[in-house]
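Q: I have a new structure open and would like a quick tour. Can we start with the open spaces and then go through the rest?

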Amino acid sequence: MTERDAARVLAHPEPAEIRLEGVLHALSDPVRLSIVRDLAATEAELACSYFELPVTKSTTTHHFRVLRESGVVRQCYRGTAKMNGLRRAELAELFPGLLDGVLAAAAAEQARDDG
């Protein structure tokens with residue numbers, strides 16, 4: 001790994017370091033929840049640029065950092081793109097049913113708002 005590559009490696013919490021209160025905080029924001037919902041809808045990793053968010057670029061960066069540092073997503077660089085993947089399996093093992101429950105509740109809320 002070159003020095004440049006090492007500088008582009010992002011820190012992620014190990015599973016034992018992921019705390020329930022951090023995950024709940026990350027999922028409590030509507031913008032971050034919309035990111036997680038989009039990631040949950042696909043098995044693929046998605047670039048930050050994929051998401052159309054109603055916030056500035058610096059605020060978008062903040063939201064992704066909160067998701068990464070809480071252990072909800074894993075990020076890596078591919079070329080110049082920062083790719084994002086949901087840590088679904090790790091979260092399911094640590095907090096069984098939590099992510100699925102939050103996603104189901106968010107979908108139900110959206111259906112109420114849309115209907």
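Q: How much space lies in the largest pocket?
A: This is a predicted model. In it, the largest pocket holds about 210 Å³ of space.

Q: Which residues line the largest pocket?
A: The lining is made of Cys-48, Lys-57, Thr-60, Thr-61, Phe-64, Arg-65, Arg-68, Gln-75 and Lys-82.

Q: Which element gives the most to that lining?
A: Helix α4 does, with six residues.

Q: And by class, what is in the lining of the largest pocket?
A: Four residues are charged, three are polar and two are nonpolar.

Q: OK, new topic: the sheet. What is the order of its strands?
A: The order is β1-β3-β2. It is an open sheet of three strands, and the pairing is antiparallel.

Q: Which ones are the edge strands?
A: β1 (46-47) and β2 (73-78). Each of these pairs on one side only.

Q: Does a helix come into this? Which one packs on the sheet?
A: Helix α4, residues 57-70, packs on the sheet and touches β2 and β3. The direction of α4 makes about 120° with that of β2.

Q: How many bridges are there between β2 and β3?
A: Six bridges, with β2 and β3 (residues 81-86) paired in the antiparallel sense.

Q: Take me along that pair. Which residue in β3 is the bridge partner of Arg-74?
A: Gly-85. Next along, Gln-75 stands opposite Asn-84. Then Tyr-77 has Lys-82 as its bridge partner in β3. Two of these residues, Gln-75 and Lys-82, also line the largest pocket.

Q: What about the hairpin of β2 and β3, how many residues sit between the strands?
A: Two residues. In this hairpin Gly-79 takes a positive phi near 65°.

Q: And the other pair, how many bridges join β1 to β3?
A: Two bridges, and these strands run antiparallel. Here Leu-46 stands opposite Asn-84 in β3. On the β2 side, Asn-84 stands opposite Gln-75.

Q: Switching to helices. At what angle do α3 and α6 cross?
A: The axes cross at roughly 105° and come within 11 Å. The two helices are therefore roughly perpendicular to each other, as angles of 65 to 115 degrees count that way.

Q: Which residues make the contact?
A: From α3, Leu-33, Val-36, Arg-37 and Ala-40. From α6, Leu-99, Val-102, Leu-103, Ala-106, Ala-107 and Gln-110.

Q: How do those residues divide: how many are nonpolar, polar and charged?
A: Eight are nonpolar, one is polar and one is charged in the contact of α3 with α6.

Q: Last topic: cavities. How many of 30 Å³ or more does a search of the whole structure find?
A: One. The largest cavity has about 30 Å³ of space.

Q: Which residues line the largest cavity?
A: Val-23, Leu-27, Leu-91, Phe-95, Leu-98 and Leu-99. Leu-99 also takes part in the contact of α3 with α6.

Q: Which helices supply at least two residues each?
A: α2 (20-27) and α6 (98-114).

Q: What classes are in the lining of the largest cavity?
A: Six residues are nonpolar, with no polar and no charged ones. In the lining of the largest pocket, by contrast, four residues are charged.

Technical notes:
Residues numbered from 1 in each chain as written. Predicted model: local features only at pLDDT ≥ 70, side-chain atom pairs only at ≥ 80, totals over all residues. Heavy atoms only, no water. 1 Å grid on protein atoms, 1.4 Å probe; cavity = no way out; pocket = protein on both sides within 12 Å on 5 of 7 lines; lining within 4 Å. Points joined across faces, edges and corners; volume = space filled by probe spheres on them. Helix = DSSP H or I, 4+ residues; strand = E, 2+ residues; numbered from the N terminus. Nonpolar A, V, L, I, M, F, W, Y, C, P; charged D, E, K, R; others polar. Pairing = 2+ DSSP bridges. Contact = heavy atoms within 4.5 Å. Axes fitted to C-alpha atoms, helices over the stretch in contact; angles between N-to-C directions. Parallel < 35°, antiparallel > 145°, perpendicular 65-115°, else oblique.
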